[in-house]
Amino acid sequence: MNHKLLLLILFSAVSTVSFSQLYVSSGETVTVSTSGDLNLQESLVNNGTITNLTLGGSGTGNTIGGTGSIGTLIVNTTGTFTASSGMQTITSLLTPTAGTLAAGGYVTLQSNSSSTAYGTSG
């Protein structure tokens with residue numbers, strides 16, 4: 001079954017989706033209509049595009065890898081997510097609500113002629 005169709009069916013069936021581990025392939029896009037509807041509680045490899053993502057859960061040792069983009073990223077965890085390779089580009093908003101995002105030089109806030117990503121305080 002096509003991955004995009006599977007995600008469409010999954011998102012249509014429930015209002016809030018939680019994943020343990022998520023891998024987004026290069027050239028693929030995961031579109032989430034509302035911030036907080038995609039809540040990741042374990043490691044992420046993102047080589048594509050994610051529109052809205054919340055890093056949640058309570059684990060330690062969660063990593064972020066790959067070279068991709070995330071529109072809105074909310075960090076709301078009692079644990080730590082560590083960016084360990086590649087480069088994740090935040091294109092809209094970074095909101096650190098709780099927990100730790102250890103960027104390690106692998107996360108950037110994008111600025112271009114049409115928009116500038118920014119961070120808020122939790």
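Read along the sequence, the protein chain of this predicted model follows the pattern α-β-β-β-β-β-β-β-β-β-β-β, with one helix and eleven strands in all. Buried residues account for 35% of the 122 residues in the chain, and about 6,300 Å² is exposed, 53% of which is supplied by carbon and sulfur atoms. Among contacts between residues at least 6 apart in sequence, 16% join residues at least 24 apart.

In soluble globular proteins, nonpolar side chains tend to be buried together. The largest nonpolar core here comprises 18 residues, of which Leu44, Ile50, Leu53, Leu55 and Leu73 touch the most other members. Two or more residues are given to this core by each of the strands S2 (22–24), S4 (38–40), S6 (49–55), S8 (67–83) and S9 (87–102), and S8 gives the most, with five residues. When residues up to four places away in sequence are not counted, Ile50 touches Leu22, Val24, Val30, Leu38, Leu44, Ser69, Ile70 and Gly71.

A polar residue, Gln88, lies in strand S9 and counts as buried because its relative accessibility is 3%, which falls under the 20% cut-off. The side chain of Gln88 is joined to that of Asn46 by a polar contact of 2.9 Å, and the Gln88 side chain also reaches the backbone oxygen of Gly65 at 3.3 Å. Leaving aside residues up to four places away in sequence, the residues that Gln88 touches include Asn46, the run Ile64, Gly65, Gly66, Thr67, Gly68, Ser69 and Ile70, and also Tyr106, Val107 and Thr108. Ser69 and Ile70 are thus listed among the contacts of Ile50 and among those of Gln88.

How values were computed. Residues numbered from 1 in each chain as written. Predicted model: local features only at pLDDT ≥ 70, side-chain atom pairs only at ≥ 80, totals over all residues. Heavy atoms only, no water. Core = buried A, V, L, I, M, F, W, Y, C linked by side-chain atoms within 4.5 Å. Buried < 20%, exposed > 50% of the residue type's maximum accessible area, 1.4 Å probe, protein only. Helix = DSSP H or I, 4+ residues; strand = E, 2+ residues; numbered from the N terminus. Contact = heavy atoms within 4.5 Å. Areas by Shrake-Rupley, 256 points an atom, 1.4 Å probe, with all protein chains shown as cover. Polar contact = N/O pair within 3.5 Å; in protein donor to acceptor, adjacent residues only side chain to side chain.
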